[in-house]
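Thank you all for coming; I would like to take a few minutes to go through the side-chain contacts one group at a time. Please keep the picture in view while I talk.

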Amino acid sequence: MSRLTPENVELAKQIIRRYPRPKSALIPLCHLAQEQDGHLADDAMVHIGELVGVTSAEVLGTASFYEMFKRHEVGKYCVNICTNISCQLMGGEELLEHAEQTLGIRSGSTTNDGLFTLEDVECIAACTEAPALQVNYRYFHRISNDDFDQMIDELRSGRLDDVVPPHGVLAKVRQDLAEEQIANITPPETQVMPRWIADEAAKNDPAASEGGQA
Amino acid sequence: MIGATTPAPTLIDGVPAVVSSRFGVEGGHTIDGYRSTGSYKGYEAIRKALDMGPSAVAATVKDATVLGRGGAGFPAGIKWGFTPAGVWPRYIVVNGDESEPGTYKDRVLMERDPHQIIEGCLIAAYAIGAAQVFLYVRGEMAHAQERIAAALNEAYAAGLVGRNILGTNFSVDIVLHWGAGAYIVGEETALIESLEGNRGMPRLKPPFFPAAKGLYLKPTVVNNIETLSNLPWLFNNSVDAYRAIGTDASPGTRLVAVSGHVNNPGVFEIPQGTTTFRELFESPIYGNGIRTGHQLKMFIPGGGSAPWFFPEHVDLPLEGRVIGGEGSMLGSGAIVVMDETTDAVRAALRLARFFARESCGKCTPCREGTTWQEKILQRILDGHGRPSDIDLLLDVGDNISPGPYPVASDAAKGLDAIPYPPKQTTICPLGPSSVAPITSAIRRFRDEFDAKIVKRNLIPVSVESFEDAPTLAESTDHGADTHV
Ligand SMILES: Cc1cc2nc3c(=O)[nH]c(=O)nc-3n(C[C@H](O)[C@H](O)[C@H](O)COP(=O)(O)O)c2cc1C
Ligand code: SF4
Ligand code: FES
């Protein structure tokens, strides 16, 4: 298994409907597949290609550009430590070293029990809260070595399950845009002047109501 | 601290909170919170805008001079005006891909005040006649995505987004989109490529200026999260009130993130153009001083892409033109403070490594150049630097972004300019940006580079060691055994 499940196909179709062109849904759908399997499986990419109407090679072409898509199994928890400039200044590189020791792995690899994958990453927009890290893209700010060890313990024992879902799950709240709510999905091929613009133009110059907005 | 903590509320000195008034408010991210807390009442601005009509709304934004807060500082009202007449549909893409090293402001806005962004989107869409708004949030920001998704669901349910908004003929869809980890996708044309489902590689400008040929090659306005967050306050108040804050050329406020070696790092909303770096570093409501017991060595005034500043620059105001005139940029409001404990080579290497990792690979000078910059700096730091390495670094930089640079002979003549704005041999400014930290470090701290390089060349070479060395014949014999 790793094609999308029937429920996820429904979700995928809902997501695709929001875009003027289906291919725009490609990245959100890859996230959906990663949420389902923990990583982006080959079969899922084939399936996504079918759903958005491109070849599986095109899906791979796009997905392989982006760091978050893991094409192989990774740990249940991806621990991403920022070592970019603000964090480097506040000990991010030393924290990474400590993490390597605590987990017994080098950055870029996964523990034998399949629980943790460790990575050093670029700025995660928490620069004033350095050194910062993310676990499955959930933030942990101003982390000392002791904090780190405690965090790993809590992740192991499941005490952080509410805060940190398994790898692949991003936002736990989705935009639900039901078909009947959609107002204005407009494919590029249409040449429609929006109502409120046309109405204003007509009001200002009743003679030339279809002339476009000046 | 463990947990998804967020920074202390913004502090403001005698200036109204334009975008940050709900940062410290519990529940400020909900629709009720947006309507009942903060420096203005939420979703009143869109009512006013709808009464004014689209042309008047566009004119207001132009008159107020709302500068872009994403990096380039281009006035939003003028950018909106570049959309060609009579070409439909038009789209808006909101840039929430915040990933410039040192930048931390859009995430706060997305997590703490998502409705403010949505109302900003509505005003912009109404003014330019956009059919759809795509809110592109950085992939790594799960919590921001949750907050925006929840806010959109609330706003749709309340009839504030979607069909016939507030009973008028204005209808727009706002779609939450999210990325998957790539700094370059913050560049507007790459953002559009990514939104079309492609690899996030920038397009060549011209012809692909988004305002004319953007998403699906249709007129597209790309604005930063913070830029649009200013609009609700503006329409609740007035052009005059907005222009009364800051300076004439840079009215309003902006969010800055002060990080690194200060006592109180944080995200602050400051009036544009008037506050100096010194105030920002030393005032108790801002940075509260360089780390106790230490002195300022250098600082980055506008994100990892900006040339560095030094102690003599601290009395400059944070005003785009002034900083531009001094050879750097305010960029994305990311101020990184480094004290005397900072190793200039190590800091430059970290930034070089960032650009090498994030180059999209489309242009040769950037793809190859950034990689070599990283390699050379790494070997200097590791003690394997070669005496020619400094000139080599400058030469590589010169190929990405043509000089003048402080090559050795120029330095003797007192020439040390970093070209600003940088010249480009590349499709987008990422490549040229990679040169700035390195030339900054070399121009100021050449001695630190030299010290690291010289150390390695102190391997003792004496007459005896030559005498002990194997003769050519011996070494050839030896070699024949081992190097098969
Ligand atoms: C390499 C590169 C990265 C960028 N990253 C961002 C970013 O993360 N967020 C952003 O708003 N603008 C970013 N920009 C600037 C955008 O291209 C664009 O100018 C901006 O989003 C326009 O919005 P504004 O006019 O409201 O500032 C980046 C530009 C470059 C060249
Ligand atoms: S300058 Fe670098 S990042 Fe920009 S388009 Fe060229 S290769 Fe890509
Ligand atoms: S530099 Fe680490 S979060 Fe920005």
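Let me begin with a question: is A:Asp120 buried or exposed? What we have here is a predicted model, and in this model A:Asp120 is buried, with a relative accessible area of 12%.

The partner I would like you to find next is B:Arg357, which forms a salt bridge with A:Asp120, the closest N and O atoms being 3.6 Å apart. This pair crosses between chains, since B:Arg357 belongs to helix 14 of chain B, residues 344–358, while A:Asp120 belongs to strand 2 of chain A, residues 116–121. B:Arg357, for its part, counts as partly exposed, at 32% relative accessibility.

Over all chains, the structure holds 38 salt bridges, and I have picked two others to show you. In chain A, A:Arg195 forms a salt bridge with A:Asp199, where the closest N and O atoms are 3.7 Å apart. Both of these residues lie in helix 8 of chain A, residues 195–204, and they are 4 residues apart, about one turn of the helix. A:Arg195 is exposed, with a relative accessible area of 52%, whereas A:Asp199 counts as partly exposed at 33%.

In chain B, the side chains of B:Arg278 and B:Asp315 meet in a salt bridge, at 2.7 Å from N to O. Here the pair links distant parts of the chain, 37 residues apart, with B:Arg278 in helix 12 (residues 277–282) and B:Asp315 in the loop between strand 7 (296–300) and helix 13 (320–325). Both ends count as partly exposed, B:Arg278 at 34% relative accessibility and B:Asp315 at 48%.

Returning to the residue we started with, which residues are joined to A:Asp120 in one network by salt bridges that share partners? They are A:Glu122, B:Arg350, B:Arg353, B:Arg357 and B:Glu374.

Let me turn now to the aromatic rings. A pair of such rings is described by the distance of the centres and the angle of the planes. Over all chains, the count comes to 21 aromatic pairs. One of them is A:Phe65 with A:Tyr66, an edge-to-face pair at 5.1 Å centre to centre, with 75° between the planes. Both rings belong to buried residues, A:Phe65 having a relative accessible area of 14% and A:Tyr66 one of 2%. Another edge-to-face pair is formed by B:Tyr34 and B:Tyr40, at 5.9 Å centre to centre and with 90° between the planes, and these two residues are buried as well. There is also an aromatic cluster that takes in A:Tyr19 together with B:Tyr91, B:Phe134 and B:Tyr216.

Some rings in chain B have a charged partner over the face. B:Arg90 lies over the face of B:Trp88, at 4.1 Å from the ring centre, and the charged end of B:Lys375 sits over the ring of B:Trp372, 4.4 Å from its centre.

Finally, I would like to take you to the surface of chain B, where B:Phe74, B:Ile78 and B:Phe82 make a nonpolar patch of about 270 Å². Where in chain B is B:Phe82 found? B:Phe82 is in the loop between helix 4 (76–81) and strand 1 (90–96), and with a relative accessible area of 48% it is partly exposed.

Methods. Residues numbered from 1 in each chain as written. Chains lettered and ligands numbered in written order. Predicted model: local features only at pLDDT ≥ 70, side-chain atom pairs only at ≥ 80, totals over all residues. Heavy atoms only, no water. Phe/Tyr/Trp six-rings, centres within 6.5 Å; stacked < 30°, edge-to-face > 60°. Buried < 20%, exposed > 50% of the residue type's maximum accessible area, 1.4 Å probe, protein only. Lys NZ or Arg CZ within 6 Å of the ring centre and 35° of its normal. Patch = residues over 30% accessible without salt bridge, like charges linked within 9 Å, V, L, I, M, F, W, Y side chains within 5 Å. Areas by Shrake-Rupley, 256 points an atom, 1.4 Å probe, with all protein chains shown as cover. Salt bridge = Lys/Arg side-chain N within 4 Å of Asp/Glu carboxyl O. Helix = DSSP H or I, 4+ residues; strand = E, 2+ residues; numbered from the N terminus.
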